[in-house]
Amino acid sequence: MKRIWISATILALFSGAALAQDDAKTFKFAFQGELKSLDQYTLNETFSLWTLGNIYEGLVSLDPELNLIPGLAESWEVVDDNTWRFHLRKGVTFHNGNPFTADDVVFSADRVRSKGSDLKTRIPADAKFVAIDDHTVEVQLGSPNPILPAEWPTWGIMDKEWTEENDAVAVTSASDEGQNYAALHTNGTGPFKIVSHEPGVKTVFEANQDWWNWDNRQFNIERAEFTPIGSDATRVAALLSGELDLVYPIPVQDIPRVDANAGTEALTGPELRTIFLGFDQRRPELLYSSVKGKNPFQDLRVRKAFYQAIDIEAIKQKIMRNLSTPAALMISPVLYSRSDEFTRLPYDPDGAKALLAEAGYGDGFTVGMDCPNDRYVNDEQICQAVAAMLARIGVKVDLNAQPKAQYFAKILASGGYDTSFYLLGWTPGSFDSYNVIRDLNTCRNDDGTTGGPFNIGGYCNEKVDALAAEILVENDITKRDDLIAQVYTILNDEVSHIPLHQQGLAWGKASDVEVLQRPDNALLLSTVKK
């Protein structure tokens, strides 16, 4: 009954008063998951970051080919090995009319590294931001960082005065039940404003005619309405009927149907995101397992057995309908020049059984698995397939598939990392291997305040940490790529995680809508024409 009620509620949004507002300049879209918080620092997740990126802008931005370009900083330079200087745009205002100044940048740099923020690693912890004048900011580092601004396109600058006035300096974390003013309201500098927000129901955007780049805008829509629709069938039906202008993702099996329907078409392309599996390797005993007194994932043979039990080609063909690329690394091959030197472990269920027996688990064991069911393409189906494949080697998986809001709140759990085995997707914010190595693979403490904050399973190798420190400061590309190759070799040899694939993008849109589909899966309202 609950599922029927939700569907009826969603469909009601497209009738009555809502239709009265429909015109050629209103763009209606849906995503499979909800936009819970309007605080961009709450959740390091592509959909949330870039949806709010229509509101909040960074010092730097990305062009259609994902090259770094000026944003709120019109230029920057390296003063010396440890110092960067950013020259800010003049005449920029926040949506409430407050002027954008260097004080807002300094404030935002402190806030993004504060408790509750999911974007702490955007800026080195020891970096000092200094306002030289109203439109110049100097960043003083403890050591060289040649890729510093590459991490910043999704770090939006907030209005210091507005945030303090509304008692919203503290960031609402993904696991917090309560939300402060900044989680429910926005005040950015970007091309769109949010004029209403009902979490889990509907969010309405309006074009910001006071945007500093208004005269060069590429969009013609005046209003956008976002509705989260978890049901694939409901989402696609709303597109086919003309009630929505764009939905994403669409199930890969529905691509021919969307293309065959009058007035709609599928938009497909490669995505940079890598989908992978992770294990809790830190706790002496798993939270969710029949094994007591020890942690089977601390045994390389068990991790390797799980890897070799997974038939990635079956997942590609039967679940992803060939809209995925099996992965050997935790990064898309287009983002690392030496990716072709690495290969996946072979699918070998008999070998996997032998490894489990050798490790002392010949009779198998039970383990809990956490999975989102509305975040990645066919995420729950992938987890179900993995569970079935592991069952063939004697491992029983208790699958816990949840909407992404609950899923992230659980596995992050304010640094508690409440999971034993999980599925996650990752696109490096800087499009650089250092991001993957640091955030997913460097040693962390129990609450994640040091080391890789998204190293959910607590993998730790001091050699990887040492190499990561070298990679961060190495300017020579050849030397740097060699250091990265050393890390990926260690990660693969130790099965730190199980890379699955890079998923493909599949959006469905009205034929009269133009939109840029970038390989980072960002939907930018500033590229929409209708």
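## Ile315 and the nonpolar cores

Let's start inside the protein, at Ile315. Setting aside residues up to four places away in sequence, Ile315 touches Ile310, Met320, Ile382, Ala385, Val386, Met389 and His501. This picture comes from a predicted model. Ile315 belongs to the largest nonpolar core, a set of 81 residues. Along with Phe306, Phe421 and Tyr488, Ile315 is listed among the residues with the most contacts inside that core.

A second core lies apart from the largest one and has 62 residues. Leu35, Val106, Leu119 and Trp507 are among its members. As background, nonpolar side chains in soluble globular proteins tend to be buried together.

## Helix α9, an enclosed helix

Phe306, one of the best-connected residues of the largest core, sits in helix α9, where it is buried. The helix runs over residues 300-309, and seven of its 10 residues are buried, so α9 is largely enclosed by the rest of the structure. Besides Phe306, the buried residues of α9 are Val302, Arg303, Ala305, Tyr307, Gln308 and Ala309. Do notice that Arg303 and Gln308 are on that list alongside residues such as Val302 and Ala305.

## Val495 reaches α9

Now follow the chain to Val495, in the loop between α16 (477-494) and β17 (498-510). Is this loop residue buried or exposed? Val495 has 2% relative accessibility, and because buried means under 20%, Val495 counts as buried.

Val495 and Phe306 are 189 residues apart in sequence, yet their C-alpha atoms are 9.7 Å apart in space. Which residues does Val495 contact, leaving aside neighbours within four places in sequence? They are Phe279, Gln281, Leu300, Arg303, Lys304, Tyr307 and Leu345. Two of these partners, Arg303 and Tyr307, are themselves buried in α9.

## The chain as a whole

Stepping back, the protein chain contains 16 helices and 17 strands. A compact globule of 530 residues would have a radius of gyration near 24 Å, and the value for this chain, 23 Å, agrees with that. Along its principal axes, the C-alpha trace spans about 65 × 60 × 40 Å. Buried residues account for 58% of the 530 residues. Of the contacts between residues at least 6 apart in sequence, 70% join residues at least 24 apart.

## Surface and charge

The accessible surface of the chain is about 20600 Å², and carbon and sulfur atoms contribute 49% of it. The chain carries 49 positive and 74 negative side chains. The centres of these two sets lie 5 Å apart.

Definitions and conventions
Residues numbered from 1 in each chain as written. Predicted model: local features only at pLDDT ≥ 70, side-chain atom pairs only at ≥ 80, totals over all residues. Heavy atoms only, no water. Helix = DSSP H or I, 4+ residues; strand = E, 2+ residues; numbered from the N terminus. Rg over C-alpha atoms; globule rule 2.2 N^0.38 Å. Buried < 20%, exposed > 50% of the residue type's maximum accessible area, 1.4 Å probe, protein only. Contact = heavy atoms within 4.5 Å. Areas by Shrake-Rupley, 256 points an atom, 1.4 Å probe, with all protein chains shown as cover. Lys, Arg positive; Asp, Glu negative; His and termini not counted. Charge placed at Lys NZ, Arg CZ, Asp CG, Glu CD. Core = buried A, V, L, I, M, F, W, Y, C linked by side-chain atoms within 4.5 Å.
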